[in-house]
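Here is a short note to help you find your way around this structure. Please keep the model open beside you and take the points one at a time.

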Amino acid sequence: MKIKIYIAIISIYLLPFQKLVAQVTLQHTTCEMLVNPMGIDVTQPRLSWEILSNQHNVKQKAYQILVASSLEKLNANDGDLWNSEKVNGQQSIHVRYNGTKLQSRMRAYWKVKIWTNAGESNWSEPNTFTMGLLYYKDWPKGWIGFDRAFPWDNIKTDSRLSARYFRKEFQSNKKIKYATASIIGLGLYELYINGKKVGEDVLTPTATDYTQNVKYNTLDVTNYIQEGKNVVGAILGNGRFFAMRQHNKPYKIKTFGFPKMLLNIHVVYTDGSTANIDSDNSWNGTADGPIRTNNEYDGEEYDATKEMTGWNKVGFDDAKWLKAEFVQEPTGTYQAQMNENIRVMNTLKPVSVKKMPGGSYILDMGQNIVGWLQIKVKGQKGQQIKLRFAESLQDNGTLFTANLRDAKCTDLYTLKGTATETWEPTFVYRGFRYVELSGYNYTPTVNDFLGKMIYDNMKTVGTFESANPLLNQIFKNAWWGIAGNYKGIPLDCPQRNERQPWLGDRGAVAHGENFLFDNGRFYAKWLQDIRYAQKEDGAIPDVAPAFWRYYSDNMSWPGTMLLVAEMLYNQTGDESAIRDNYPAMKKWLSYMQDRYMKDYILTKDSYGDWCMPPITIEAGRGKSADKKYPSELISTAYYYHFMELMMQFSKVTGNEIDYKEFETLAGQIKSAFHKKFYNEKGYYGVNALTDNIIPLYFGMVPRENVEQVFKNIAYTIEVTNKGHLSNGLVGVQWLMRCLNDYGRPDLAYTIATQKTYPSWGYMIDHGATTIWELWNGNTADPKMNSQNHVMMLGDLLIWYYENLAGIKAGGPAFENIKMKPELIDGLDRVKASYHCAYGEISSSYYKTSAQFKWDISIPANTTALVYVPASKRDEVVEKLVGQKELKFIKLENNRVIYELGSGNYSFEVNSKH
């Protein structure tokens with residue numbers, strides 16, 4: 001009886017402690033910002049976790065990480081690879097592994113627990129990461145392929161090359177513990193074991209300049225291998241390796257060779273023994289399969305009469321196949337792919353099928369998407385179904401294809417003549433809304449088709465809605481356009497014979513994208529692409545990877561490297577984005593200075609304010625936008641801005657000696673810029689909108705001239721442009737923030753909500769479901785007129801989040817947050833959320849003439865400066881924690897400023913009249 005009483009007393013005593021523990025949990029644990037990644041090549045990977053609590057003001061005080069070589073050891077709290085012990089500190093993202101040296105193929109299991117001011121967490125759920133093949137010698141000796149075209153191919157004029165199929169049977173007579181496949185399949189691959197495709201990814205691996213680096217994928221194939229006989233098969237497509245245009249402009253377009261593969265399957269048995277299945281000349285292969293050609297620009301042709309039933313299963317007769325041949329390896333370094341692969345991320349049913357004169361049909365998806373069309377069809381053996389794709393229609397209802405240039409964007413399916421046949425392409429994609437269907441001897445219906453949207457497998461992390469339907473629709477158009485152009489590289493467009501990762505398109509746009517997508521790994525990889533594209537002398541191209549050799553030497557395109565590095569550091573806390581690229585950035589700036597700086601003016605530019613809108617919609621009718629107007633003003637202003645960034649980067653990387661040099665040069669450039677370009681009437685250059693916005697936003701305007709320069713900006717917009725913008729690609733990247741920061745968020749709102757030309761609303765009013773390349777996309781010469789580009793978004797999405805919603809990083813990764821929504825007449829409601837590295841930040845306000853209501857959420861382990869719109873403290877009511885719990889900072893410009901810790905808060909401000 002006494003024992004029971006003691007237990008009861010102890011239980012009561014422990015109750016508050018148990019409750020305290022339960023108040024703090026861990027979620028979204030990642031390694032290198034990936035969930036349970038396989039085959040990484042980072043030998044000191046970074047571990048991160050999110051803290052979840054229903055309490056306010058939660059801050060981590062300490063953490064402990066255990067990393068073990070087996071799950072059993074981890075469950076026993078035996079961190080045989082690394083036991084960090086209890087580490088005092090607040091760091092909960094990018095914590096470096098610091099244990100036993102990690103080796104090739106090593107498997108690691110880890111967990112973390114934390115201590116906070118709200119209590120101690122339980123251990124997180126177990127997590128894993130596995131190491132890839134870290135050394136060249138870990139790989140098999142044999143790249144296999146066929147380094148030639150076959151009689152049915154046509155590579156001299158059309159870049160038509162059939163897919164290559166390879167297979168090998170093997171035995172596995174023991175019980176398997178685990179098995180992994182490490183594969184480099186160039187340009188693209190699909191891997192099969194015993195008839196099943198391995199994984200859900202498509203169009204793998206991610207594209208690179210294969211002369212510099214090639215990416216390998218590591219796949220868990222444990223459950224694919226059976227006891228006894230097995231077969232592994234692979235299909236190789238062309239991708240970017242066998243370029244889409246083989247003999248067109250070889251001085252410009254890179255091509256790398258015929259498709260090839262390097263593969264290792266490593267099997268570990270329960271008895272501790274191992275086995276390897278490697279690519280070598282014991283494999284058999286053929287190019288005479290059903291995929292007759294696959295070309296990213298032109299499409300895929302599939303002949304179902306040539307299907308090789310069971311080719312990827314045990315027992316298939318491959319006696320007529322060729323022996324796989326050893327081929328030359330690519331010159332690029334082997335690297336683990338640390339960014340997500342592409343997947344089918346969305347499916348759409350068509351909205352209509354319309355019969356056309358001549359017997360063809362026009363299919364409407366209702367949305368401009370990027371991906372492909374799955375078809376279900378019936379017919380005779382040898383009957384062909386042709387699918388032609390386009391973004392829009394001509395006035396007569398037929399496809400508008402002039403803006404595709406010479407990209408055929410056509411799939412051809414030859415029926416085998418069985419019952420209903422279902423098909424979709426394997427190695428191609430395109431941007432499209434409409435499809436012309438021909439070859440049918442019956443009337444197809446919308447139920448015969450399914451659109452598949454593909455993009456990199458990254459989460460959507462941001463939401464936005466407001467009381468203004470146009471703002472909401474622009475946001476939706478932006479989402480579709482951004483997602484569709486993620487293809488392992490940031491494409492400019494997904495439809496015409498281009499689809500290149502132009503640097504200039506993504507300067508500020510990448511920052512805005514990060515509020516929508518978890519794109520940290522994607523852009524870290526792109527920085528690597530840019531770095532590898534740098535020439536020995538320091539030059540950086542306008543396109544990277546440099547599939548097209550454009551080294552035009554300017555500031556605003558190559559300089560995107562600095563802007564993206566800054567974005568990744570500020571938005572995600574990824575210090576390596578700066579540290580890894582600092583030498584390349586410094587080298588490029590020195591190169592540009594040495595070659596082109598005269599009296600502190602950067603005299604070289606290429607594009608000017610690219611694609612500025614014609615003065616009227618009719619003035620641009622039929623005219624090409626492919627015109628360059630180089631601007632020393634733009635190039636010099638950008639050089640100054642990059643000096644400011646390099647000053648910040650030098651501190652992050654510990655290069656303090658560089659700081660003074662950058663600071664001195666920045667001062668000299670600023671002085672020379674003002675002297676050369678300033679007009680005493682209060683404007684720069686020719687008083688173009690971009691000429692004034694850039695120096696003002698970059699902080700180059702002397703204090704005594706700021707007011708007049710901004711007056712000229714406002715006059716240009718309000719009077720000259722009648723409430724519209726007049727910027728091209730360069731100026732639109734800074735427009736909205738400049739107007740906001742200099743006290744005219746209302747003018748930014750006016751621009752954002754215009755429906756007449758030029759504006760985002762004009763695009764939507766003329767049928768756009770993504771974002772056009774040109775402001776006058778409905779009248780310009782079609783040869784450079786994509787209907788799915790993101791470059792003209794500029795800093796609009798940044799303004800949506802940072803200024804309309806009031807969600808802005810006050811420090812790297814939003815450890816400190818600035819929440820200051822702009823209240824604009826005519827916009828009564830804004831609701832937005834953003835999932836940062838620490839958790840979800842949300843802001844939702846509603847206002848009337850008499851009241852302002854604002855609900856916010858701040859993630860654990862962060863702090864926010866919250867600017868409540870009120871003229872007095874006693875006007876502010878907080879309904880969830882009460883005024884006493886709020887840390888008042890100051891009253892400034894009709895804002896009551898608080899410093900708040902994590903949690904949910906609900907503010908009300910009632911006007912007193």
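**Notes for a new reader**

1. A good place to begin is a pair of facing residues: Ser 352 stands opposite Asp 364, which lies in β27. Please keep in mind throughout that you are looking at a predicted model.

2. That pair belongs to strand β26, residues 352–355, which runs antiparallel to β27 and is joined to β27 by four bridges. The two strands make a hairpin, with five residues between them. Have a look at Gly 358 in the turn, where phi is positive, at about 95°.

3. Ser 360 also sits in the loop between β26 and β27. Is Ser 360 buried or exposed? Its relative accessibility is 13%, so Ser 360 counts as buried, the cut-off being under 20%. Leaving out residues up to four places away in sequence, Ser 360 touches Lys 354, Lys 355, Glu 436, Leu 437 and Ser 438.

4. Now follow β27 itself, which spans residues 361–377. How many of its 17 residues are buried? The count is 15, so the strand is mostly covered.

5. Besides β26, you can trace further partners of β27. Strand β33, residues 430–438, pairs with β27 in the antiparallel sense over seven bridges. Within this pairing, Ile 369 has Phe 432 of β33 as its bridge partner.

6. Strand β34, residues 449–456, is joined to β27 by five bridges, and the two run antiparallel. Here Trp 372 is matched with Lys 452 in β34 as its bridge partner. Strand β32, residues 421–423, is likewise antiparallel to β27, with three bridges between them. For Ile 375, the bridge partner in β32 is Trp 423.

7. Let us turn to the empty space inside. Rolling a probe the size of a water molecule over the atoms shows where empty space is left. Searching the whole structure gives four cavities of 30 Å³ or more. The largest of them has a volume of about 180 Å³. It is lined by 16 residues, and those closest to its centre are Leu 188, Arg 240, Glu 296, Tyr 429 and Lys 487. By type, the lining of this largest cavity comprises 10 nonpolar, three polar and three charged residues.

8. The second largest cavity holds about 80 Å³ of space. Which residues line the second largest cavity? They are Arg 240, Ala 243, Met 244, Arg 245, Ile 253, Lys 254, Tyr 297, Gln 500, Phe 547 and Trp 548. Six residues of this lining are nonpolar, one is polar and three are charged. You may have noticed Arg 240 already: this residue is among those closest to the centre of the largest cavity, and it also lines the second largest.

9. If you are curious about the cysteines, a search of the whole structure finds zero disulfides. Take Cys 409, which is in no disulfide: the nearest cysteine sulfur belongs to Cys 493 and is 10.0 Å away. A disulfide would need the two sulfur atoms within 2.5 Å. Cys 409 has a relative accessibility of 1% and so counts as buried. Cys 738 is buried too, because its relative accessible area is 0%.

10. Next, please find Asn 740, which is part of helix α13, residues 735–741. With 5% relative accessibility, Asn 740 counts as buried. What does Asn 740 touch, not counting residues up to four places away in sequence? The list is Pro 745, Trp 799, Asn 803 and Glu 822. The contact with Glu 822 joins residues that are 82 apart in sequence, while their C-alpha atoms are 8.5 Å apart in space.

11. To finish, look at an open sheet of five strands, arranged in the order β40-β41-β45-β48-β47 with mixed pairing. Which strands lie at the edges of this sheet? They are β40 (808–809) and β47 (887–892), each of which pairs on one side only. The partner of β40 is β41, residues 816–819: the two run antiparallel and are joined by two bridges. Within that pairing, Lys 808 stands opposite another lysine, Lys 818 in β41.

Terms used
Residues are numbered from 1 along each chain as its sequence is written. This is a predicted model: local features need pLDDT of at least 70, side-chain atom pairs count only at pLDDT 80 or more; totals for chains, interfaces and linings use all residues. Side-chain values use heavy atoms; hydrogens and water are left out. Two strands pair if DSSP finds at least two bridges between them. On a 1 Å grid over the protein atoms alone, a cavity is a set of points where a 1.4 Å probe fits but cannot get out, and a pocket is an open set with protein on both sides within 12 Å along at least five of seven lines; lining residues have an atom within 4 Å of a point. Grid points are joined across faces, edges and corners, and a volume is the space filled by probe spheres set on the points. Ala, Val, Leu, Ile, Met, Phe, Trp, Tyr, Cys and Pro count as nonpolar, Asp, Glu, Lys and Arg as charged, and the others, Gly among them, as polar. Buried means under 20% relative accessible area, exposed over 50%, partly exposed in between (1.4 Å probe, protein chains only). Contact means heavy atoms within 4.5 Å.
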